[in-house]
Amino acid sequence: CDLNLRAPFDDVSSLDEFVRGSTLLKVNEDEARRLSPASLASAGPGKHAAYLAETYACISVCVTLGGDG
């Protein structure tokens, strides 16, 4: 599942039904931060990936880093 949260299609309130149980969830850094709690705001992509994997019961989570990798 590749989210691509872009206005005006960026309402995260109904994501659960589409994302839960995905084999692979792909998000960019901004999307990962947006879907994670404020307590992880300064965390790295690995922490966000772990949180999203647990929250949405995904097997794998890929956080892309744009020009940084």
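The side chain of Ser-22 reaches the backbone oxygen of Val-19 at 2.6 Å, and that contact is a good place to start a tour of this predicted model. Ser-22 sits in the loop between α1 and β1. With a relative accessibility of 10%, Ser-22 counts as buried. Setting aside residues up to four places away in sequence, Ser-22 touches Cys-1, Ala-57, Cys-58 and Ile-59. Several of these partners return below.

**Helix α3 and its two sides**

Let us turn to α3, which covers residues 45-56. This helix has 12 residues and spans 16 Å from its first C-alpha to its last, close to the 16 Å expected at 1.5 Å a residue. Which residues of α3 are buried? They are His-48, Ala-49, Leu-52 and Tyr-56. Viewed down the axis of α3, the buried residues fall within an arc of 100 degrees, so they line one face of the helix. Gly-46, Lys-47 and Glu-54, on the other side of α3, are exposed. The buried residues pack against α1 (16-19), β1 (24-28), α2 (29-35) and β2 (60-64).

**The nonpolar core**

The largest nonpolar core has 14 residues, and those touching the most other members are Leu-3, Val-19, Leu-25, Val-27, Leu-35, Leu-52 and Val-61. At least two residues of this core come from each of β1, α2, α3 and β2. Which element gives the most to this core? That is α3, with 3 residues. Val-61 offers a closer look at the packing: leaving aside neighbours within four places in sequence, Val-61 is in contact with Leu-25, Ala-49, Leu-52 and Ala-53.

**Cysteines without a bond**

How many disulfides does the structure hold? The count is 0. A disulfide is a covalent bond between the sulfur atoms of two cysteines. For Cys-58, the closest cysteine sulfur is in Cys-1, 7.7 Å away, which is too far for a bond. For Cys-62, the closest cysteine sulfur is in Cys-58, at 12 Å, and this too is too far for a bond. As for their surroundings, Cys-58 is buried, with a relative accessible area of 8%, whereas Cys-62 counts as partly exposed at 31%.

**Backbone details**

Some points along the backbone deserve a friendly nod. Ala-7 and Pro-8 are joined by a cis peptide bond, with omega at about 0 degrees, and Pro-8 is found in the segment before α1. Asn-4 also lies in the segment before α1; although not a glycine, Asn-4 has a positive phi of about 50 degrees. Ala-57 comes just after α3, in the loop between α3 and β2. Phi of Ala-57 is near 55 degrees, again a positive value in a residue other than glycine.

Past β2, Gly-67 lies in the segment that follows that strand. Where does the chain bring Gly-67 relative to Glu-29? Their C-alpha atoms are separated by 11 Å, while the two residues are 38 residues apart along the chain.

The table collects the accessibility of residues discussed above.

| Residue | Relative accessible area | Class |
|---|---|---|
| Cys-58 | 8% | buried |
| Ser-22 | 10% | buried |
| Cys-62 | 31% | partly exposed |
| Asn-4 | 41% | partly exposed |
| Ala-57 | 42% | partly exposed |
| Gly-67 | 86% | exposed |

Note on methods. Residues numbered from 1 in each chain as written. Predicted model: local features only at pLDDT ≥ 70, side-chain atom pairs only at ≥ 80, totals over all residues. Heavy atoms only, no water. Helix = DSSP H or I, 4+ residues; strand = E, 2+ residues; numbered from the N terminus. Expected span 1.5 Å × (residues − 1). Buried < 20%, exposed > 50% of the residue type's maximum accessible area, 1.4 Å probe, protein only. Arc of directions from axis to C-beta. Contact = heavy atoms within 4.5 Å. Core = buried A, V, L, I, M, F, W, Y, C linked by side-chain atoms within 4.5 Å. Polar contact = N/O pair within 3.5 Å; in protein donor to acceptor, adjacent residues only side chain to side chain. Disulfide = S-S within 2.5 Å.
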